[in-house]
Every structure is written in C-alpha cells, then in structure tokens.
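Trainee: Could we go through this one together, step by step?
Mentor: Sure, let's have a look.

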Amino acid sequence: MGIIGDSLDKAAIATATRPIPKSAGAQIRFLVKHEKGSTRTAALRLGISQRTVERYLKGQIRTPRPELAATLEAEVRKDWQPRVRERARKQAATSTGIVIETRARFGFTAAPGTTDDGRIRRITQHLPPQDAAWLFDAQAAGASEQQLQNIAAEGLQEQYFKDGGRRADGIVVEFTDIDYVELDY
C-alpha cells in the first residue's frame, strides 16, 4: 500500500493480545484453518506448492527456508485475532482516538506576511476519535495513499497547528516528504 496504510496495518497488528504460533507447522495449520481447510489457497498465499503445504501439515517438513518463514509469519499476522483487532479499532474510532508520530515536511498556506516555506518537523500528536474513524473508513473504502495523507494532514492541522481552533485560523497545512509515520491506538 503506502506509508500511512502500512502504518495503520502495523498499528492493527500491534493490538494482538497473544503471540502468533511459533512453529512453521502451527503457522501452516492456522493458515489452512483460516482458509477453511483449503491447502491450495494457503499455498497460493505463501507462493509455494500445495504439496509442500500438505507436507508441513503431516510434519514431513519442519523448518522453512528464510524467505518462506518471513512470508509465513507475515501472512499469519494479517489474520491473527481479527476480533481483537476490530474491537481496538472500534474503540479508537469512538472513544480513545489515535496517536500519530511522524517526521515529515510541513508547508503552509497562510495569511500574507507569514512564511510558507516547508520545513522538516517531528511531531507526535493525539488525534481525536472522529479523525481515527475517518482514517479507518477511508482505508476500508480503498482510499489512495494521497487521500490517507490528506486526512492525516487535516487532523494534524486542526490539532497541532490550529490547537483545536485556538490559533492560526486561516492556515492550511501540506504534509509532504514523509520520512516515517507511526500510528498507535
């Protein structure tokens, strides 16, 4: 996806309350169970043959090569504890909000006589639940990375730069040259 979408996914994964299965066999069993018993679908997700998945299930293979181990772990993490993830997302969207930490270039369109040259800033800011809900809804609707960046920029504009409407009334913030973004909820 993109940097904001990936950060949303990482934040969702971090809400897990239990660790993922440790062994490759247990991870394969989880994936096959999640795919409703289809070894073919699990094999397609992992980029291996159906026969290899079956051999892991039987215990004939125990240790995957490093690339497969990384892919297997990533695929299991995507599907691990969906109800816990959804509950955390719902709580962030209705009551707790989301915390965004970023280092990026912020430029401004403001009143005449003020500087509008963008500069790199490192910002950690809590965004209210309505901004979190807006981000989640946009991601679920398949919004582009630019649209997600615009939503994050608007939330930062209102909370960080305008301080909830207490200052910088006419400012419009541009969120570009993102070095990193981390989200937490």
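Mentor: First, a term: buried means under 20% relative accessible area, exposed over 50% and partly exposed in between, using a 1.4 Å probe and protein chains only. Helices are DSSP runs (H or I, at least four residues), numbered from the N terminus. Also, this is a predicted model, where local features need pLDDT of at least 70, side-chain atom pairs count only at pLDDT 80 or more, and totals for chains, interfaces and linings use all residues. Residues are numbered from 1 along each chain as its sequence is written, and side-chain values use heavy atoms, with hydrogens and water left out.

Trainee: Which residues are buried in H5?
Mentor: Check the accessible area of each residue against the cut-off under 20%. In H5, the ones that pass are Leu 68, Leu 72, Glu 75, Val 76 and Asp 79.

Trainee: Where do they sit around the axis of H5?
Mentor: Take the directions from the helix axis to the C-beta atoms; the arc is that of these directions. Here the arc is only 100°, so they lie on the same side of H5.

Trainee: How far apart are the end C-alpha atoms of helix H5?
Mentor: The expected span is 1.5 Å times one less than the number of residues. For the 14 residues of H5 (66-79) that gives 20 Å, and the model agrees, with its end C-alpha atoms at 21 Å.

Trainee: What is the phi of Gln 81?
Mentor: Gln 81 follows H5. Its phi is positive, near 50°.

Methods: Helices (H or I, at least four residues) and strands (E, at least two) are DSSP runs, numbered from the N terminus.
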